[in-house]
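Work through the exercises below with the sequence and the coordinates at hand. Each task is followed by a solution in steps.

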Amino acid sequence: MVRFRYVVKNFEKFIDDWGRFLKIKPDNHLLLLPSSLGKGYFYAKIINEAMSFLVMNVKFNDDITLERKPGNETSLLLYFIQVNVSGYCQVASDIDKIEYKGNIKRRTVFLSSTNYPLRVTYSNGTQLKLIGVYFRSSLVRKFLKKDIFHHLKEYSQVRLKDLDKKSISKEEDNLLKEIFQTDITSEFGRLVLYNRILLLVEKILNRFLLNELPVSKTKGLKEKDMDGLKEVEFILSEKELEKFPSIKNLSRVALMSSSKLKNRFKEVYGMKLYEFYNYNRLLKAKKWLESGETNAKEAAYRIGFSNLSNFSKAFKKEFGLLPSQLKL
């Protein structure tokens, strides 16, 4: 039995850590599996400061456990998994566990998060083809709408509940075949690989949002209601407020009753008014801290916290780490 423990910060680091564990030096983040463990390869590449990807195409000839430890930053992990289990497979988080026995084929898409542990054990003879994409939340957040990002983040926290809920579509399967047939040892092949993985991510995120988010969120809403909601969104996310505005005042801005505002806002943005306000003010503080613009005490004061301890607790609850644990 081989057991490899790791923390995901980006997938190039994962390959480097895996190489140190096996006492093999990767070649430009390409790692060939030693014959003692099986055959195949691991390859990783950083796409930009917010994303990196991992390609695994291996067949194990020993039992192996890959044990992910929680990271300091809560980021998203998207996996496309094609595995032919030979005998036994177990997937376990901190709160649940799923076991597969016999000769089983799994073709699934799995959205996970780096803030909880995950342990996967494969028995000897298992063949695994996997694409993993790492999204650094603090940066990806800039490119997604607030409600979409919030839903993705919430979905990633369900652990193994939806592990096999999303199967790989025919279109995604065709892209995966192209990826695993690509010669990643050539410069052109790696360019093709990069392109196909970005296309794969685009396809699955579109499918995820179409299936998971209510498609009729804004259907039936009058244009003036949407305008009112956008005004409220702007106030709660963009303005520096000393405290949360009263529902009465926000209702006046939106030109609707308090109950209607609360219901419509939750329906469209996926969060209650105060939850939305609290998330966005904490996100501002996080950006200030990461850029060095303020220290924790100043950031807490600017977003309306008079107590540093309360700020730290709220910050950790939202992002999975204390303000002092941010790596500048």
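Buried means under 20% relative accessible area, exposed means over 50%, and partly exposed lies in between (1.4 Å probe, protein chains only). The model is a predicted one: local features need pLDDT of at least 70, side-chain atom pairs count only at pLDDT 80 or more, and totals for chains, interfaces and linings use all residues. Residues are numbered from 1 along each chain as its sequence is written, and side-chain values use heavy atoms, with hydrogens and water left out.

**Exercise 1. Describe the chain as a whole.**

Task: find how many helices and strands the chain has, and state its radius of gyration against the globule rule.

Step 1. Helices (H or I, at least four residues) and strands (E, at least two) are DSSP runs, numbered from the N terminus. The chain has 11 helices and 10 strands.

Step 2. The radius of gyration is 22 Å, close to the 20 Å that the globule rule gives for 328 residues, so the chain is as compact as a globular protein of that length. The radius is taken over C-alpha atoms, and the rule is 2.2 Å times the number of residues to the power 0.38.

Step 3. The C-alpha trace spans about 70 × 45 × 40 Å along its principal axes.

Step 4. Of the 328 residues in the chain, 52% are buried.

Step 5. Contact means heavy atoms within 4.5 Å. Take the contacts between residues at least 6 apart in sequence: 69% of them join residues at least 24 apart.

Step 6. There are 59 positive and 38 negative side chains, and the centres of the two sets lie 4 Å apart. Lys and Arg count as positive and Asp and Glu as negative, while His and the chain ends are not counted. The place of a charge is taken as NZ of Lys, CZ of Arg, CG of Asp or CD of Glu.

**Exercise 2. Place strand E5 among its partners.**

Task: determine which strands E5 is joined to, and in which sense, parallel or antiparallel.

Step 1. Two strands pair if DSSP finds at least two bridges between them.

Step 2. E1 (residues 2–6) and E5 run parallel and are joined by five bridges. Val 2 stands opposite Ile 64, and Arg 5 stands opposite Glu 67.

Step 3. E8 (residues 118–122) and E5 run antiparallel, again with five bridges. Here Leu 66 stands opposite Val 120.

Step 4. Check the cover of E5 (residues 64–68): five of its five residues are buried. Ile 64, Leu 66 and Arg 68 point one way, Thr 65 and Glu 67 the other way.

Step 5. Turn to E1, where the side chains alternate. Val 2, Phe 4 and Tyr 6 point to one face and are buried, while Arg 3 and Arg 5 point to the other and are not.

**Exercise 3. Trace the pairing of strand E4.**

Task: find which strands pair with E4 and which residues stand opposite Phe 53.

Step 1. E3 (residues 38–48) and E4 pair in the antiparallel sense over 10 bridges. The two form a hairpin with two residues between them.

Step 2. E4 is also joined to E9 (residues 127–135), by nine bridges and in the antiparallel sense.

Step 3. Phe 53 has Lys 45 opposite in E3, and its bridge partner in E9 is Val 133.

Step 4. Nine of the 10 residues of E4 (residues 51–60) are buried, so the strand is largely enclosed by the rest of the structure.

**Exercise 4. Examine single residues.**

Task: for Asn 28 and Arg 159, give phi and the location; for Arg 281 and Asn 310, decide whether each is buried, partly exposed or exposed.

Step 1. Most residues other than glycine have a negative phi. Asn 28 has a positive phi, near 55°, and is found in the loop between H1 (11–22) and E2 (30–32). With 46% relative accessibility, Asn 28 counts as partly exposed.

Step 2. Phi of Arg 159 is also positive, near 60°. Arg 159 lies in the loop between H3 (146–155) and E10 (166–167), and at 13% relative accessibility counts as buried.

Step 3. Arg 281, in helix H9 (residues 273–291), is buried because its relative accessible area is 9%. Neighbours within four places in sequence aside, Arg 281 is in contact with Tyr 274, Ile 303, Gly 304 and Phe 305.

Step 4. Asn 310 belongs to helix H11 (residues 308–319). Its relative accessible area is 40%, so Asn 310 is partly exposed. From Asn 310 to Met 56 the separation is 254 residues in sequence and 43 Å in space, C-alpha to C-alpha.
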